[in-house]
Amino acid sequence: MMQPAMTPEKFEQALRAKGAYYHIHHPFQVAMYEGRSTREQIQGWVANRFYYQVNIPLKDAAIMANCPDRETRREWIQRILDHDGEPGEEGGIEAWLRLAEAVGLDREQVQSQELVLPGVRFAVDAYVNFARRASWQEAASSSLTELFAPQIHQSRLDTWPQHYPWIEAEGYDYFRRRLSQARRDVEHGLRITLEHYKTREAQERMLEILQFKLDILWSMLDAMSMAYELDRPPYHSVTGQRVWHRGLDS
């Protein structure tokens with residue numbers, strides 16, 4: 001027999017409990033905010049995470065394309081503007097490129113995506129493809145890992161300047177701006193989720209969707225850990241060259 005639906009309060013509590021699996025707890029992430037990461041590891045993280053950053057607007061555009069509700073689209077579009085930037089203003093992608101420069105990476109090389117590991121590319125592509133195929137409510141709710149994002153951004157602002165004085169200060173702008181943006185986005189995404197998932201079956205489905213997104217973020221760090229901590233990048237046993245697939249446009 002199907003259990004009764006959770007109350008909105010219990011459902012939100014169950015969603016927030018998923019924070020136990022947020023990638024802030026991944027050893028690669030822990031090493032970064034504890035000051036144990038090397039320059040190469042931080043640079044590798046920034047270069048690979050850029051692929052996630054440039055795909056966020058594509059994910060959000062897919063959600064909007066599937067959403068027939070005008071009011072939702074009018075609110076959701078702000079996420080695209082946050083990353084792509086409004087006319088005359090830089091967005092999060094540009095801020096991330098300045099972070100890349102602040103950690104000593106070449107802007108053009110980062111934009112070329114040649115440093116993106118296959119595991120990272122596959123994980124991010126899976127997320128975008130999910131957003132394209134799923135209902136707009138499910139795709140929107142998958143963004144609720146933002147529930148836990150302010151903590152991870154604040155941890156970088158609190159610890160990186162102390163541990164990594166070689167990182168130029170202007171590189172931290174992305175994390176500062178996301179503190180308020182993520183909190184705003186959480187309010188909208190949580191409202192959609194609590195209003196849409198009314199049965200226990202639907203609520204359990206949503207918890208699985210949130211776990212899927214957590215899997216994406218964790219898998220990205222698994223790939224980076226293999227390459228930059230264990231010195232086992234793709235094809236390490238047969239070549240030291242970056243021979244892996246770099247995207248259909250490269």
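**Close-up views of a predicted model**

**View A.** Y235 is partly exposed, with a relative accessibility of 47%. All views in this set show a predicted model. Y235 is located in the segment that comes after helix 11 (200–229). The backbone of Y235 has a positive phi of about 65 degrees, although Y235 is not a glycine. Together with V238 and V243, Y235 makes a nonpolar surface patch of about 330 Å². Y235 counts as partly exposed because its 47% relative accessible area falls between the 20% limit for buried and the 50% limit for exposed residues.

**View B.** Helix 11 and the residue that follows it. Helix 11 has 30 residues. From its first C-alpha to its last, helix 11 reaches 42 Å, close to the 44 Å expected at 1.5 Å a residue. D231 follows helix 11 and has a positive phi, near 55 degrees. Y235 also belongs to the segment after helix 11.

**View C.** Q113 is a non-glycine residue with a positive phi, about 65 degrees. Where is Q113 found? Q113 sits in the loop between helix 6 and helix 7 (118–133). Is Q113 buried or exposed? With a relative accessible area of 19%, Q113 is buried. The assignment follows because buried means under 20% relative accessible area.

**View D.** The side chains of E75 and R191 form a salt bridge, with an N to O distance of 2.9 Å. This pair links distant parts of the chain, 116 residues apart: E75 is in helix 4 (residues 70–84) and R191 is in helix 10 (residues 173–196). Both ends of the bridge have accessible area left. E75 is partly exposed at 37% relative accessibility, and R191 is partly exposed at 38%. Salt bridges in the structure number 18, counting this pair and those in the next three views. Side chains of opposite charge can pair when their charged atoms come close.

**View E.** A salt bridge of 2.7 Å, N to O, joins the side chains of E94 and R107. E94 belongs to helix 5 (residues 92–102) and R107 to helix 6 (residues 107–112), so the bridge ties together parts that are 13 residues apart in sequence. The two partners fall into separate accessibility classes. E94 is partly exposed at 26% relative accessibility, whereas R107 is buried at 17%. The class of R107 follows because the limit for buried is under 20%.

**View F.** D185 and R184 are paired in a salt bridge, the closest N and O atoms being 2.7 Å apart. D185 is buried, and its relative accessible area is 4%. R184 is partly exposed, and its relative accessible area is 32%.

**View G.** A network of salt bridges links E90, R98, D173, R176 and R177. Which acidic residues take part in this network? E90 and D173 do, and the network also holds R98, R176 and R177.

**View H.** K59 is a buried lysine, with a relative accessibility of 4%. K59 lies in helix 3 (residues 39–66). What does the side chain of K59 meet in a polar contact? The partner is the side chain of S143, at 3.0 Å. Apart from neighbours within four places in sequence, K59 is in contact with Y127, A131 and S143. S143 therefore appears both in the polar contact and among the contacts of K59, for which heavy atoms must lie within 4.5 Å.

**View I.** S141 is buried, with a relative accessibility of 1%. S141 is in helix 8 (residues 136–141). A polar contact of 2.8 Å joins the side chain of S141 to the side chain of T193. Which residues touch S141 when neighbours within four places in sequence are left aside? They are T193, Y197 and M206. T193 is thus named both as a contact of S141 and as its polar partner.

Methods:
Residues numbered from 1 in each chain as written. Predicted model: local features only at pLDDT ≥ 70, side-chain atom pairs only at ≥ 80, totals over all residues. Heavy atoms only, no water. Salt bridge = Lys/Arg side-chain N within 4 Å of Asp/Glu carboxyl O. Helix = DSSP H or I, 4+ residues; strand = E, 2+ residues; numbered from the N terminus. Buried < 20%, exposed > 50% of the residue type's maximum accessible area, 1.4 Å probe, protein only. Patch = residues over 30% accessible without salt bridge, like charges linked within 9 Å, V, L, I, M, F, W, Y side chains within 5 Å. Areas by Shrake-Rupley, 256 points an atom, 1.4 Å probe, with all protein chains shown as cover. Polar contact = N/O pair within 3.5 Å; in protein donor to acceptor, adjacent residues only side chain to side chain. Expected span 1.5 Å × (residues − 1).
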